[in-house]
Every structure is written in structure tokens, then in C-alpha cells.
Amino acid sequence: MGVKLKLLNEDTIYEHIFERYSLLQKNSQSVNQDLGIESRINGYLELSFEPTDKKSACKDSFSFEVSQSLSSLNSSRDNNNSTTGYVVWSTTPFFLKWLLYSKSGEQFQKGASIACEDDPLKQFCDVEPIFSACESNHDDQPFRQIVELGSGVAGILGIALGNYVDKYVYTDQKALLARLEHNVAHNIDELRLRSLETLTLHVESCRRTPQKLQLDMLSLDWENFDPNPAKLHSLLLPARRAHVTIISMDVVYNEYLIEPYLRTLKGLLHAYRSKKHTVSALLGIQLRDQDVIETFLECAVRDFELNVHVIVDKMIEATRFDLFYVTLRD
């Protein structure tokens, strides 16, 4: 079975949640039952990524050394007690492997018409390519940009995926950005396919290629985000007409964050559309508290009126993760 998209509504949300948590229980012997922190004992992590199949569209391998702060994670003083971004969560490495190396991820890299279930208006969803064409720095080629909401300190997505897009913007709370910048600087040699340009990072790369990546970071607090398109920060703007992909990994873990996050997400989706860009979002969630996941999906579909598609894929179903493809309603 190839990848499919399943559009959620107020009824099928509960059906999907029941099926996923039933599958987790069935696979409890093979699926990790922890909260999803990559390591609770090491301040420095080594994370490697490589194709697992000779047929993988992406042949590139990556190796990162990431500094995380376990003391800040457990602190009641750091960052107003909002500390989860100081460590690496398992959703991020899983998503990167899935997107780069799986047959399903390839459909999102290159764009595809993907079969869509439970959508009364269409049988297929046309998914825009996340990755750029080979000559994408030319003005007549499509421009591809990724904005990461809640990037945390690791920085691995921006470097790995930055090899294949024209612009990548990390966003998170201000207190996390110094360690994020440290990790980006330490691992910048893994940006091998593009020359680095940046306005905000004190990072240098010796790579000189015709392809360029604009890599930046921005302090963005969801509770203070202004969704007015006219006030969109200049760092978030593409250089020309673009497809923008908004990525968020494991940012849904308590009810307090749901409304600010969805308000920010929808605000960005509207802002890019109003500026004549095409835009979509990919969200990764570790399935922990069932009530929190249920509340999040209810709020996204009912209150914020977003199109939320579950990505139906065998590789995902064998894990404790869910991936969602989110767009504005027409």
C-alpha cells in the first residue's frame, strides 16, 4: 500500500485516535513506551542518517553532534519553565528519516497527486514539492522555503533539509536561540550541497556551490504572534513567489499550547496565501496523552477550520508517531 492522506472531520478524529492507540497497544512489545527524549543521560548526542534501501531517492548521509541541556529541561527557572526545547525529541529524527529515505517521503519531497480518503470534494490531493529543482536559484525556477515552528536547540532539520531548499528559517523562543546557533555552527559542514547565506547566524561555511541556502533564525513566541500579513517579519518572507512548507515536530504535548500554536499556524498559512505564495504544513506528534491529541485535532478541525490530513503509511503506523499534512480550507 502506498502513502495516502485521510481528511479528518469531527467524526473521523475519534475513529483515527481509537485505531492508532489500539495499534500502539497491539505493538507494545516493539514500540518504545517512553516520553520520547532521545537521551536522558547525555549532554551531547551523535545522530546519524543514511539510506536504508538502495532504492531511496535521497542517497545522502548526515552525521550530527548535538548539544542539549538536561539541566535546563528539568529547571523551574529557565525560560519561564518552558524547557522542552532544550533537548532532542525522537519525533524529529524519525521525521527526517521518513522524509529523506522512505518511498512515502519521496512523494512530499518531489510533489505528487496523493490518494485522499474521506474527502467529499476530491479523491486526490495535489501536494506541492518541498524540495527545490536543481537550478532553483534561477528566477524562473520555483522557490522553496521551510519555516520551522518550535525548532528547539538541535538544528538538524535546517541543516539536512537546507541542502534541498532555497530558504530555511528556524523559529523558537529567544532563550533557546543561543544553543541552537551553537549546534548549527558545530554541524554546518553537513550543509554540503549549497552555499550558505545568513543574516542572523554567526556561522561560516567554506562550501561554494551554484546552489544557495538562506538560513536564518527568528525569535517567535506563539502567544505574542500577530497574524496580520502586513506585519509578517521580513525574515519569514521568500525572495520571490514560492511554496512555503511550515514544519513542526512534537510541539503538541499539553493543552495550554494548543490554541496559541494553532493561531500562529493558521496566521502564517493565511499570511503566505495573501502574499500569493502556496503554503502547507507538516506536523509530527508523538502519541502520548490521548486526551491532548484529541483536543488538538478537535481544535484544529472545528475551531480553526483547517484541513487536517493524517498521512497514512505503514512506516508511520509501526511507530509511536503521527504525521499530519495541514492546509487552509478553500
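**Sheet.** I began with the strand order in this predicted model. Eleven strands make up an open sheet with mixed pairing. I read the order as 5-4-1-12-13-11-10-6-7-9-8. Next I looked at the edges. Strand 5 (124-127) and strand 8 (195-197) stand there, and each has a single partner strand, so one side of each lacks a neighbour in the sheet. I also checked the twist. On average, neighbouring strands are turned by 30 degrees against each other, direction ignored.

**One strand pair.** I then picked strand 1 (residues 4-7) and strand 4 (residues 112-117). They pair in the parallel sense, over two bridges. Which residue of strand 4 is the bridge partner of Leu5? I found Cys116.

**Helices on strands.** I looked up what helix 3 lies across. I noted strand 10 (242-249), strand 11 (278-286), strand 12 (306-312) and strand 13 (321-328). Helix 3 runs at about 70 degrees to strand 13. Helix 6 (residues 177-187) lies across strand 7 (167-172) and strand 9 (212-219). Its angle to strand 9 is about 160 degrees.

**Cores.** I turned to the nonpolar cores. The largest has 55 residues. Phe95, Phe108, Leu161 and Ile311 have the most contacts inside it. Helix 3 (residues 91-101) supplies the largest share of this core, seven residues. Another core lies apart from it, with 51 residues, including Ile17, Val252, Tyr261 and Tyr272.

**Phe108.** Last, I listed contacts of Phe108, leaving out residues up to four places away in sequence. Among them are Val3, Leu5, Trp98, Leu99, Ile114, Val127, Ile311 and Tyr325. Glu128 and Pro129 are also touched by Phe108.

Notes
Residues are numbered from 1 along each chain as its sequence is written. This is a predicted model: local features need pLDDT of at least 70, side-chain atom pairs count only at pLDDT 80 or more; totals for chains, interfaces and linings use all residues. Side-chain values use heavy atoms; hydrogens and water are left out. A nonpolar core is a set of buried Ala, Val, Leu, Ile, Met, Phe, Trp, Tyr and Cys residues joined through side-chain atoms within 4.5 Å. Buried means under 20% relative accessible area, exposed over 50%, partly exposed in between (1.4 Å probe, protein chains only). Helices (H or I, at least four residues) and strands (E, at least two) are DSSP runs, numbered from the N terminus. Contact means heavy atoms within 4.5 Å. Two strands pair if DSSP finds at least two bridges between them. Axes are lines fitted to C-alpha atoms, for helices over the stretch in contact, and angles run from 0 to 180 degrees between N-to-C directions.
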